[in-house]
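Okay, thanks for coming, everyone. Let me put the model up, and then I'll walk you through a few places in it.

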Amino acid sequence: MKAVLTWMLVWLAAGGTGWSSPVGSNGPQSRKLGGLDYLSLTDWVTQNELQPEWVKKEKSLVAANRLTRLEFEADTRDISLNGVKVRLSFPILLQDGGLWVSRIDAQAALKPAVHPPRNPTSSHVRRIVLDPGHGGKDPGFQDGSRQEKRYALLLALDLAVELRRAGYEVFLTRGTDKYIERELRPELARVRKADLFISLHWNSVGTTRNDVQGAQVYCLTPAGAPSSNASGNEIGTTSWPGNRYDDRNFYLAYAIQRALKNTLGAEDRGVLRARFEVLRLAEVPAVLVEGGFMSNPVESRKIYDPAYRHQMARAIVAGVRTYQSEVERTAKATPKARVTPR
């Protein structure tokens, strides 16, 4: 809420609203808010074949069709996509009795949510590079004698087995306790001509709080937007190699997060944005999975349990298969042909 209020003060100082463009064949009504290009949310969802309905007038809105349900609330960046939490780059704003969404979020989050990206006919999801976080001299988070690097590798090895059983070709950035420079990890995906890059980590918070738990998946922040994990409202304008896949990055993150939420029953910490080096430099669709909090005494016991990690590995495979079924689906295919519903 503090970040939203800070952003609103910047917006007011900039003069509030700008001129609006009328709705027409070129797209929804738009206006400048705080120097950013915003679109009428009602116009956008209607033009994308969703039915808008106010849950609470001038506060919360639901937009849905038979495949997709989006839930929005004014003055927050968090939305719900088919029951999965998604954090937008900028808050949904209330203006003149209607809700407005930033053009960046409409393009990089809402569009792939409603219209999942499609690969060219000849492009298939077959090769996957798994990246167990940390390793060697970099232990990651430490819980007593237990180190994040070990449990990231154990999850990766489990996941590799499950992906191979599902028919994928799998490579690991490290198969032992070895230190690999961060910039070399996505490079392996390029060398191996991979179709996906998945980095695996476990989460933690400071020692003053150990009640935080849940799974979350990061994808690369779009150019011109602040990251979810950035302090304040820093906006990076550089377009990185990974930004070529903004739509696929988002949909892969969503598919895996939904599978983790539905399979594990873990707290849904959502799809988030970050400019982690492994995401910035990846020249294929890429995500970073934070499977749970080693700093939480309850959740850490699950993380150390091989059966739970195996369950998580199978959930990630389910997310990958959902992603594959969408990006490889031809224009003539029907929803019945999907591996799993969205």
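Before anything else, helices here are DSSP runs of H or I with at least four residues, strands are runs of E with at least two, and both are numbered from the N terminus. With that in hand, find Arg182, which sits in the loop between β13 (169-172) and α5 (184-191). A word on the source: this is a predicted model, where local features need pLDDT of at least 70 and side-chain atom pairs count only at pLDDT 80 or more, while totals for chains, interfaces and linings use all residues. Residues are numbered from 1 along each chain as its sequence is written, and side-chain values use heavy atoms, with hydrogens and water left out.

Back to Arg182. What is Arg182 in contact with, leaving aside its neighbours within four places in sequence? Glu277 and Val278, where contact means heavy atoms within 4.5 Å. With Glu277 there is a polar contact, side chain to side chain, at 3.5 Å. By polar contact I mean a pair of N or O atoms within 3.5 Å; within protein, one must be able to donate a hydrogen and the other to accept it, and residues adjacent in sequence count only if both atoms are side-chain atoms. Also, the C-alpha atoms of Arg182 and Asp131 are 9.8 Å apart, with the two positions 51 residues apart along the chain.

Zooming out for a second: the chain has nine helices and 17 strands. Of its 342 residues, 52% are buried, meaning under 20% relative accessible area, with exposed over 50% and partly exposed in between (1.4 Å probe, protein chains only). And of the contacts between residues at least 6 apart in sequence, 67% join residues at least 24 apart.

Now helix α4, residues 148-165, which holds Lys149. Is Lys149 buried or exposed? Buried, because its relative accessibility is 10%. Beyond neighbours within four places, its contacts include Gly133, His134, Asp138, Arg174 and Asp177.

Tyr151 is in helix α4 too. The whole structure has three aromatic pairs, counting rings of Phe, Tyr and Trp (its six-membered ring) with centres within 6.5 Å; planes under 30 degrees apart are stacked, over 60 edge-to-face, and the rest tilted. In one of them, Tyr151 and Tyr304 have ring centres 4.8 Å apart and planes at 45 degrees, so we call that pair tilted. Tyr304 lies in the loop between α8 (297-303) and α9 (306-327), 153 residues away along the chain. Both tyrosines, Tyr151 and Tyr304, are buried.

On to helix packing. The axes of α3 (residues 103-114) and α6 (residues 246-264) come within 9 Å and cross at roughly 65 degrees; axes are lines fitted to C-alpha atoms, for helices over the stretch in contact, and angles run from 0 to 180 degrees between N-to-C directions. From α3, the contact uses Ala108, Ala109, Pro112 and Ala113, and from α6, Asp246, Asp247, Phe250 and Tyr251. That makes six nonpolar residues, two charged and no polar ones.

Last thing, backbone. Most residues other than glycine have a negative phi. Glu58, in the loop between β3 (51-56) and β4 (60-64), has a positive phi of about 60 degrees. Glu58 is partly exposed, because its relative accessibility is 37%. Lys193 also has a positive phi, near 55 degrees, and is found in the loop between α5 and β14 (196-203). Lys193 is exposed, at 65% relative accessible area.

Terms used. Ala, Val, Leu, Ile, Met, Phe, Trp, Tyr, Cys and Pro count as nonpolar, Asp, Glu, Lys and Arg as charged, and the others, Gly among them, as polar.
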